[in-house]
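Student: Please take a close look at a single part of this model, the helix that carries a nonpolar surface patch, and describe it in one connected account.

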Amino acid sequence: GGGGIFVPVLALALKFPPQACVGVSQSLIFGASLGAFIVNAPSRHPTNSERPLIDLGLAAFLAPTEMAGAQVGMLLNHAVPTPIILLVMTVLLSLITFTTLQKGLSQLESERRTKISSYRGPDAVERGRLIVSDDGSIESPRNPSSRVQPPSGPSTTGLYGALVSALAWLLTPAVPAIAKTSSSTIVEIALLIGTWIGLMVLLLIRGGKSMKSLLAFEPCGQEYWAITIVAVISLIGISVLAGRRLVGKEEEHVHLADSPELEPAD
């Protein structure tokens, strides 16, 4: 969304306090996301004209958890001292930068190997330790020991592996979802709109320090925390539901792709 760039720029260039950086960055992200949505919403998928360009299933899976994280982050932003917020932000942004750079380098190496393999063909001629294709371009040697090995994926052992396995089990439905694209799109749009409206209603009922509750609940009172917990748990549950639908649709697509085509009857 750009928060990893907006927050440091606001803090270092404009001298905003950390708490203000978080709020302003969310406004900037909302504006950028709204503009991208207006531009891409009418577009269709390049390989399937029945599907929209925007992956609504993925949006329905990610949006509720982002909303839940925003609620938890807002509470921490008010409760945690500024030095600790700066320390946590520095550590998180450093980790994100490292993982993004590592993923980018792996993707670059994968694209380079794909480009090299595309040069190989029946007309390629091997000359010494180099291979010269029919268009005169030179590629890497064919010696298997000298080829770059594909980058290894993340480790699936230890705590990380346990978390990945638990998430995979949680999101994998017992029976793959089978639904037409049009009806599935309507369900996902309804899920997104319903989630947003439901969260807004809960926030208006809960209230806060800068906004009075519609039911006159006291900030940080029992009702305040009860509604906050219900909102976070509900958002996580909706995200799990959308994730199971998403995984089920992908499994159905794979099943249809692997199934042999039916031959016409004589």
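Tutor: A nonpolar patch on the surface is formed by Ile84, Leu87, Val88, Val91, Leu92, Leu95 and Ile96, which together have about 640 Å² of accessible area. Such areas come from the Shrake-Rupley method with a 1.4 Å probe, and for residues only the protein chains shown count as cover. Patches are made of residues with over 30% relative accessible area and no salt bridge; like charges are joined within 9 Å, and nonpolar side chains (Val, Leu, Ile, Met, Phe, Trp, Tyr) within 5 Å. The model is predicted: local features need pLDDT of at least 70, side-chain atom pairs count only at pLDDT 80 or more, and totals for chains, interfaces and linings use all residues. Residues are numbered from 1 along each chain as its sequence is written, and side-chain values use heavy atoms, with hydrogens and water left out.

Ile84, one of the patch residues, lies in helix α4, residues 82-119 (helices are DSSP runs of H or I, at least four residues, numbered from the N terminus). Ile84 counts as partly exposed because its relative accessibility is 44% (buried means under 20%, exposed over 50%, partly exposed in between, with a 1.4 Å probe and protein chains only).

Helix α4 also contains Arg112 and Glu109, three residues apart, about one turn of the helix. Their side chains meet in a salt bridge at 2.7 Å, N to O (a side-chain nitrogen of Lys or Arg within 4 Å of a carboxyl oxygen of Asp or Glu). The structure holds one salt bridge. Arg112 is partly exposed at 33% relative accessibility, and Glu109 is partly exposed at 22%.

Methods: Helices (H or I, at least four residues) and strands (E, at least two) are DSSP runs, numbered from the N terminus.
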